[in-house]
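Dear colleague,

I am passing on a structure for you to look through. Please open it beside this message and follow the residue numbers as you read.

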Amino acid sequence: PPALVEPVCSQKANIDFGSPNFNQHLMSVVFERGLFDSHVELVRSSYREKMAAMLAAMDEYFGPIKGAEWSRPTGGLYVWLHLPPGIEAGPTSALLKHALDEGVLYVPGEYCYPREGDVCRKDRIRLSFGVQSPENLRRGVQALARAVARCGG
């Protein structure tokens with residue numbers, strides 16, 4: 001509401017000394033022209049396609065690997081892979097070395113645990129489908145499965 005613009009801006013100035021002015025003006029135009037909802041649907045559709053490609057590749061390449069399990073996300077940009085028993089995914093693991101040799105990089109799941117609370121699992125991998133094309137996702141999952149196989153999976 002117009003009556004809140006000045007007090008909110010005043011509070012913002014006291015809290016935030018370096019906000020991205022250009023981005024704010026750009027988003028203002030996006031909202032004024034009614035472009036936001038259609039853009040969000042376009043992005044969601046793209047992510048649905050990428051997620052489906054990654055899950056299909058997981059089924060194909062990790063399905064035969066005994067003990068491998070993965071999530072089927074209902075939101076977000078990540079698939080969580082639970083490795084077969086005895087295979088670790090940490091930053092000094094053989095799996096990470098083999099994955100890099102295969103040309104693929106993953107986020108070791110241990111980086112995603114809080115310092116306190118749940119026990120940190122070293123047999124988890126967070127895989128993102130947000131950036132790569134469906135074709136690259138398929139190739140990346142295939143390469144990761146080869147790396148896991150090299151570790152005994």
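What follows is a walk through the sheet, then the helix contacts, then a few single residues.

Please keep in mind throughout that this is a predicted model.

**The sheet**

A good place to begin is the open sheet, which is formed by four strands in the order 1-2-4-3, with antiparallel pairing. Strand 1 and strand 3 (107-108) stand at the edges and have a single partner strand each, so one side of each is left without a neighbour in the sheet.

If you start from the edge at strand 1 (residues 69-70), you will find that two bridges join strand 1 to strand 2 and that these two strands run antiparallel. Within this pair, glutamate 69 stands opposite histidine 82 of strand 2. Moving on across the sheet, strand 2 is paired with strand 4 (residues 124-128) over five bridges, again in the antiparallel sense. Here histidine 82 stands opposite arginine 124 in strand 4, while tyrosine 78 has serine 128 of strand 4 as its bridge partner. Histidine 82 therefore makes a useful landmark, because it stands opposite glutamate 69 and also opposite arginine 124.The pairing of strand 3 with strand 4 is antiparallel as well and runs over two bridges, and in it valine 107 has arginine 126 of strand 4 as its bridge partner.

Which residues of strand 2 lie on its covered face, and which on its uncovered one? In strand 2 (residues 78-82), Val79 and Leu81 make up the covered face, whereas Tyr78, Trp80 and His82 belong to the uncovered face.

**Helix 3 against helix 5**

Turning to the helices, helix 3 (residues 36-62) packs against helix 5 (residues 134-150) at an angle of about 30 degrees, and their axes are 9 Å apart. Angles under 35 degrees count as roughly parallel, and helix 3 is therefore roughly parallel to helix 5. The crossing in which helix 3 passes helix 5 is right-handed.

On the side of helix 3, the residues that meet helix 5 are Glu49, Lys50, Ala53, Met54, Ala57, Met58, Glu60, Tyr61 and Phe62. Their counterparts in helix 5 are Pro134, Leu137, Arg138, Val141, Gln142, Leu144, Ala145 and Val148. When the residues of this contact between helix 3 and helix 5 are sorted by kind, they divide into twelve nonpolar, one polar and four charged.

**Helix 4 against helix 5**

Helix 5 also packs with helix 4, at an angle of about 140 degrees and with the axes 8 Å apart. Helix 4 and helix 5 are therefore oblique to each other, and their crossing is right-handed. Leu95, His98, Ala99 and Asp101 of helix 4 make this contact with Leu144, Ala147, Val148 and Arg150 of helix 5. The residues of the contact between helix 4 and helix 5 divide into five nonpolar, one polar and two charged.

**Three residues to look at one by one**

The first residue on my list is histidine 98, which is found in helix 4 (residues 94-101). Is histidine 98 buried or exposed? Its relative accessibility is 16%, and histidine 98 therefore counts as buried, given that buried means under 20%. If its neighbours within four places in sequence are left aside, histidine 98 is in contact with Ala147, Arg150 and Cys151.

Next comes isoleucine 125, which you will find in strand 4. Isoleucine 125 has a relative accessible area of 0% and is buried. Leaving aside the neighbours within four places in sequence, the residues in contact with isoleucine 125 are Val79, Trp80, Leu81, Leu83, Ala89, Leu95, Tyr106, Val107 and Gly109. For one of these, alanine 89, there is also a distance to note: isoleucine 125 and alanine 89 are 36 residues apart along the chain, and their C-alpha atoms are separated by 6.6 Å.

The last residue is asparagine 136, which lies in helix 5. With a relative accessibility of 31%, asparagine 136 counts as partly exposed. How far apart in space are asparagine 136 and valine 8? From C-alpha to C-alpha they are 45 Å apart, and they are 128 residues apart in sequence.

With best wishes

Terms used. Residues are numbered from 1 along each chain as its sequence is written. This is a predicted model: local features need pLDDT of at least 70, side-chain atom pairs count only at pLDDT 80 or more; totals for chains, interfaces and linings use all residues. Side-chain values use heavy atoms; hydrogens and water are left out. Buried means under 20% relative accessible area, exposed over 50%, partly exposed in between (1.4 Å probe, protein chains only). Two strands pair if DSSP finds at least two bridges between them. Axes are lines fitted to C-alpha atoms, for helices over the stretch in contact, and angles run from 0 to 180 degrees between N-to-C directions. Angles under 35 degrees count as roughly parallel, over 145 as roughly antiparallel, 65 to 115 as roughly perpendicular and the rest as oblique. A crossing is left-handed if the near helix is turned anticlockwise from the far one by less than a right angle, and right-handed if clockwise. Contact means heavy atoms within 4.5 Å. Ala, Val, Leu, Ile, Met, Phe, Trp, Tyr, Cys and Pro count as nonpolar, Asp, Glu, Lys and Arg as charged, and the others, Gly among them, as polar.
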